Amino acid sequence: MSAPIRHYLRAPSLTVGGAAAFLRAAYVLAFMGQVAAAVLVGVLVVLLAGGVTRSPSSLLAWVLVGLALLQLPVITFATARLGAVKGGAGARRAALHGALVTGVLLASSAWFLSLALATGQSGPPLFLLLALTLFAYGLGFLLTGRLGRVAASEAFEEPDAPAQ
């Protein structure tokens with residue numbers, strides 16, 4: 001286990017700011033990992049298909065925008081429920097899990113954007129998908145900030161030093 005994770009999980013106490021900073025870093029890694037995977041898959045699809053289509057479907061573009069819009073409230077509700085965990089034993093692990101799940105779920109709009117790019121979409125739908133992906137990224141920062149309070153509520157007592 002790396003030092004930052006060990007410190008986060010085993011420190012006797014964490015400040016809300018320190019816990020939120022660690023959880024936001026975990027969120028960014030999960031989000032960017034999904035974006036990188038979406039870009040890689042999009043590039044592979046274009047390469048395997050022999051290039052981008054010359055006559056993209058505008059219906060597909062707007063369906064992708066609609067799906068990206070519909071998923072945001074559902075994901076926001078689901079990830080907000082992850083932050084509803086009460087403090088106490090296991091709160092830090094639950095908050096870390098919540099930050100990682102939030103990053104993966106909110107990055108799903110990047111998959112829609114990748115599909116739009118791979119199918120040669122352009123114009124307003126493409127810009128809307130980009131805006132939704134950026135909005136989802138920012139929304140994750142707000143949601144993981146709430147998880148920082150949950151993580152900071154778990155405190156460990158120092159073990160008593162052996163008597164000499």
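Visitor: What volume does the largest pocket have?

Guide: Keep in mind that this is a predicted model. In it, the largest pocket has a volume of about 220 Å³.

Visitor: Which parts of the chain give two or more residues to the lining of that pocket?

Guide: Look for helix H2 (16–49), helix H5 (108–118) and helix H6 (124–152). H2 supplies the largest share of the lining, with eight residues.

Visitor: How many residues line the largest pocket, and which lie nearest its centre?

Guide: There are 16 lining residues. Find Val-35, Val-39, Ala-110, Leu-113 and Leu-117 in the structure, and you have the ones nearest the centre.

Visitor: How do the lining residues divide into nonpolar, polar and charged?

Guide: To read a lining, sort its residues by type. Here you get 13 nonpolar residues and three polar ones, with no charged residues in the lining of the largest pocket.

Visitor: Let's zoom out. How many helices and strands does the chain have?

Guide: Count six helices and zero strands. Walk along the sequence and the pattern reads α-α-α-α-α-α.

Visitor: What share of the residues is buried?

Guide: For burial, check how little of a residue's area is accessible: under 20% relative accessible area counts as buried. In this chain of 164 residues, 37% are buried.

Visitor: And what does the chain expose?

Guide: About 9,300 Å², and carbon and sulfur atoms supply 72% of that.

Visitor: How far apart in sequence are the residues that contacts join?

Guide: Take the contacts between residues at least 6 apart in sequence: 86% of them join residues at least 24 apart.

How values were computed:
Residues numbered from 1 in each chain as written. Predicted model: local features only at pLDDT ≥ 70, side-chain atom pairs only at ≥ 80, totals over all residues. Heavy atoms only, no water. 1 Å grid on protein atoms, 1.4 Å probe; cavity = no way out; pocket = protein on both sides within 12 Å on 5 of 7 lines; lining within 4 Å. Points joined across faces, edges and corners; volume = space filled by probe spheres on them. Helix = DSSP H or I, 4+ residues; strand = E, 2+ residues; numbered from the N terminus. Nonpolar A, V, L, I, M, F, W, Y, C, P; charged D, E, K, R; others polar. Buried < 20%, exposed > 50% of the residue type's maximum accessible area, 1.4 Å probe, protein only. Contact = heavy atoms within 4.5 Å. Areas by Shrake-Rupley, 256 points an atom, 1.4 Å probe, with all protein chains shown as cover.
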